[in-house]
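Me: I have a model open and would like to learn how to read its features. Can we go through a few together?

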Amino acid sequence: MASRLNGYLTTAIEDERTVYRPIHERISETLRYSPQFLLGLPDTGPAERFPEVLITATHAQLVWVFGELLPPAPDQPPHPYLRCHLIGHVAAAGLVDDLHVPWRFLPWETSGTVRAALGLPADFHTGAARLAAWARIEAFLGDAGAVARADSLRLSLLGTAVGRGATGNMVATQPLPGYRPGVTPRWNQLRVPDNLLARTSTPLASLVSFTLPDGSPLVAAGDQGGEVRVWDPRTGTEFGLPFRPAPYVRALAVLTAPAESPLLAVGTAHGVWIYDPQSGDVARLPMPGAVFALAAFRTRTGRARLAVGTDAGLFICDPFDEEAPVLPLRPLDGVMGPSVKALAALRLPSGRTLLAAGGKNSTVEVLDAESLEVVTVVHGQGRGVVALALYFDQQGRPRLAAASSTTRSVRTYDALTGEENKAARIPRSAASLGPYPHPDFGTLLALGGTDGGPVSLWDPATGEKVYTSPPDHTGRVKAVVTVDTGQRMPFVVSASLDRTVRIWNPAGRTSEPELDLEASEDGSLLAVLPGSDDGPSLLTPARSGAVSIRSAARGQLRRTRQRPQQLTWPAEWHCDTLTALATHVWPDRSASVLIGLKNGLIGRWDEQHGWQSPPVDQSWQAASVRSLTTLSLPGTDDVVLVSGTSAGSICFHDLASGEQRWEPVREDAPVRALAALPTATDPLVAFSSGRTVRFSRVGAPSHLRLPGRTGPVPSLAVCPAEDGSSLLVTGGSDGCVRLWSPEAPRTEAYSVLKGHHGPVSAIGLLPPTPTSPQPLLATAGSSDTTVRLWKPWTGEELMRVVTGTPLTSLCTSPTAACRTPPTRRSPSADQQAWQPSPSAAERLRSRGRTAGISTGMRCPLRGPAPWSGTRSSPGKAESSSGEQSLTGRCCGSPTSSSRPLPPRSSTPSHASRTGLLGLSSPTTSTQSPTCSSALSPAAFWRFPAHAARNRTTGLCW
């Protein structure tokens, strides 16, 4: 038996011992097709496959037995085999539901195949609500421990919609039986997409679909890191092993070898490779230099050819001719040079193949692919094209579609004459396009946006939109392809710079929102407004030219006579695009709402006087307001409004009068974030611009900067040090959180907080208390979709929650502030709040602020004054608020550890920090809030006083 198992075992280290485990999939397939080999039975000829009915029944029996073996308590790990293979048996038995996969098993599950078992795109049913909630976050769990996974599942359950797609808050779920959560979510409106096919470690650059000889559809994607991966789009299962030829896989094409086996042509920054996804065989073509586009076609004699676009021009290759694989060069003519950036090929019924090529110049050439003779030339493409497509219209005529980077439109032409159909121009800027065979409308064009957001289908004959997907992508859509899965309408698969591959069913739901007054259209901005009888309020963008006010505790719009549901700014401001949002609390506990608009105006609203007129006018900069903060001047009652713009200016205005106080500080790049550090003399303003973070005294040029090794910094905050001084906290694009002293800005003051995978988009602070003298930092990630809680002085990670959607802002809010009578305080009180002493904490409580929102937090709490605001990432800003309780603990290694879950205390170890926490995640990183068609996302936890939010709605602890 041992000899027969050779090749079917793998080794592993368990409890410091080397153990031998069967390779489950190989043994399963051998038992199906060749059981006599493994069992030592005589070979009686070709073995027949076991009947599917028998296989399904066997798996069903195994599922029943394995269910009896699962530990009854959620804090006990199941056997490693069950953790890895139970979902596979459940899927093979057709028993994918909450009954056969109990919730207590999911935090220990390690195969990562729940999404595949449910199918893609997901169509959840009521019997699988918990599995659906798990599927929403599964791809982002990474190395999260079992405790973090259980908390993440509880949050996801609040936002899982069954039968209608995961659009949030449509299913009422009961608490998980037997589970005492570390964080208790209050509400969740985060719109987590349910169409994630795959997630990569670096931004995606190319995509292609093809079919195996047995009819199985596959999708291959290449990323900027140089990796090519292949998936089955029906289940999300990865096919084969990743292929890593060279950095930046910009182009992919499918070749058909003489044996009719599909091969992948991979264009990288260092040439072209031919890759067999079934065998893993690789061959490199003798072509140096960077490759930008590929197109495969067949000659009249059936020979495979590959067109390669480079900076030097167009090459035609015979990938199967070892003696002369590269044919002569064909440079393109044009004022911008010979480079070829886009290619498309189409075989005509006559056997002739058309090849369209475009580059940086304003023309597109349509060539005979074999002779490279010019068929026609299309002009008027501005500074070049970014995508091309060739297709047949309903009359069978060849057509050319070209997407230009400067005309912001997609234009269609007769591929033989070059005549444009001007009446059918598509008024959309596209980064990618491809033909889509619609069963009713003929060939449509699938468009991927330059700014992310939705994927759309357009009728090229009329220029009308036929379908728009939900705006799930948050980065440029680099490629769109069509996949035939056997259904009436093919699926659309897209790859984006946001590191995700998503699959769309045009026969399913679109992005058109339902008329729901409780849901704002965009969650990209959020701020906290204290002072209500039932707790703080959240400010979010309304549908057009207004800010919505909703309860932080319930997530619903306020319905009181004292405070309106919406704040609509004056129409004479001539702008309905909100780009920054903040609040400021005055010493008498009244609050002002601050907004920044795309046209450079800054407006202020308060309950007594409404909107201040005229607004602060910065339209002379021809730039949008990207970030807002306020700071109090020591020894005076003056409050300064600090604003950062997309033009790189940091401006200072008196908050009460709107008058300019000092000359602006000017930088060469847009301002990403602002933070105000309280000092005994003149306050310091820190700002992130380009790849640098600088300090500036108010009214003075920047004089200090952090080391360049930090790279781009999306978020800033302020945190107290052990000696009571103020430290600047930076959240970097490298996933690191660093603390800096303005007195010694060349070296980090404490150990670097490492854990996020991708940019740290927001930071919030939980100030020290008498029972917990060390402050805590809450951070949010835009790529890993996690919220983490840290001890900044020691670098210990206390908590992690995975949301499944990119987060862009985070804020904290007290729970008791709104119930405390108004109390005036001295201007120096904010500086005293930094001292981690009992007396300082008592002063905070005497003012009714258990969470200390006056500290200078990055998003949305900035500056020493108690106000909350939001950060704007490229053209957007966001944040949120919520309420939650926390049990402090470390999130350990998740998948391989068999240790039980840590015991939970009924009393949170940070109970004195309870407050509101809200999250924000983007529907798209560049669409304006008023243009987004998705539901506004938020969620709410009872937790140590902080909140975060996404651009589709929010959540609250």
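Me: How are H3 and H4 oriented to each other?

Reply: One thing up front: this is a predicted model. The general idea is that two packed helices are described by the angle between their axes and the distance between the axes. Here the axes of H3 and H4 come within 8 Å and cross at roughly 140°. Angles over 145 degrees would count as roughly antiparallel and 65 to 115 as roughly perpendicular, so H3 and H4 are oblique to each other. As for handedness, H3 passes H4 in a left-handed crossing.

Me: Which residues of H3 and H4 meet?

Reply: From H3 you have Thr56, His59, Ala60, Leu62, Val63, Phe66 and Leu69, and they meet Tyr81, Leu82, Leu86, His89, Val90, Ala92 and Ala93 in H4. Sorted by type, the residues of this H3 and H4 contact are 11 nonpolar, 3 polar and no charged.

Me: Now cores. How many residues are in the largest nonpolar core?

Reply: Generally speaking, nonpolar side chains tend to be buried together in soluble globular proteins. In this model the largest nonpolar core has 31 residues, and Leu106, Val114, Leu118, Leu131 and Leu153 have the most contacts inside it. The elements giving two or more residues to this core are helix H3 (52-69), helix H4 (80-93), helix H5 (114-118), helix H6 (129-137) and helix H7 (146-159). H6 gives the most to this core, with 6 residues.

Me: What is leucine 131 in contact with?

Reply: Leave aside its neighbours within four places in sequence, and leucine 131 is in contact with Val96, Asp97, Asp98, Val101, Leu106, Val114 and Leu118. There is also a second, separate core of 19 residues, which includes Leu581, Ala591, Leu597 and Leu601.

Me: Let's try single residues in strands. Is phenylalanine 491 buried or exposed?

Reply: To decide, look at relative accessible area: under 20% means buried. Phenylalanine 491 has a value of 3%, so it is buried. You'll find phenylalanine 491 in strand S27 (residues 491-496). Not counting residues up to four places away in sequence, its contacts include Leu120, Pro121, Tyr436, Ile503 and Trp504. Phenylalanine 491 and proline 121 are 370 residues apart in sequence, yet 9.0 Å apart in space, C-alpha to C-alpha.

Me: And why does leucine 716 count as buried?

Reply: Leucine 716 counts as buried because its relative accessibility is 0%. Leucine 716 lies in strand S46 (residues 715-720). Its C-alpha atom is separated by 9.0 Å from that of glycine 732, 16 residues apart along the chain.

Technical notes. Residues numbered from 1 in each chain as written. Predicted model: local features only at pLDDT ≥ 70, side-chain atom pairs only at ≥ 80, totals over all residues. Heavy atoms only, no water. Helix = DSSP H or I, 4+ residues; strand = E, 2+ residues; numbered from the N terminus. Buried < 20%, exposed > 50% of the residue type's maximum accessible area, 1.4 Å probe, protein only. Contact = heavy atoms within 4.5 Å. Core = buried A, V, L, I, M, F, W, Y, C linked by side-chain atoms within 4.5 Å. Axes fitted to C-alpha atoms, helices over the stretch in contact; angles between N-to-C directions. Parallel < 35°, antiparallel > 145°, perpendicular 65-115°, else oblique. Left-handed = near helix turned anticlockwise from the far one by under 90°. Nonpolar A, V, L, I, M, F, W, Y, C, P; charged D, E, K, R; others polar.
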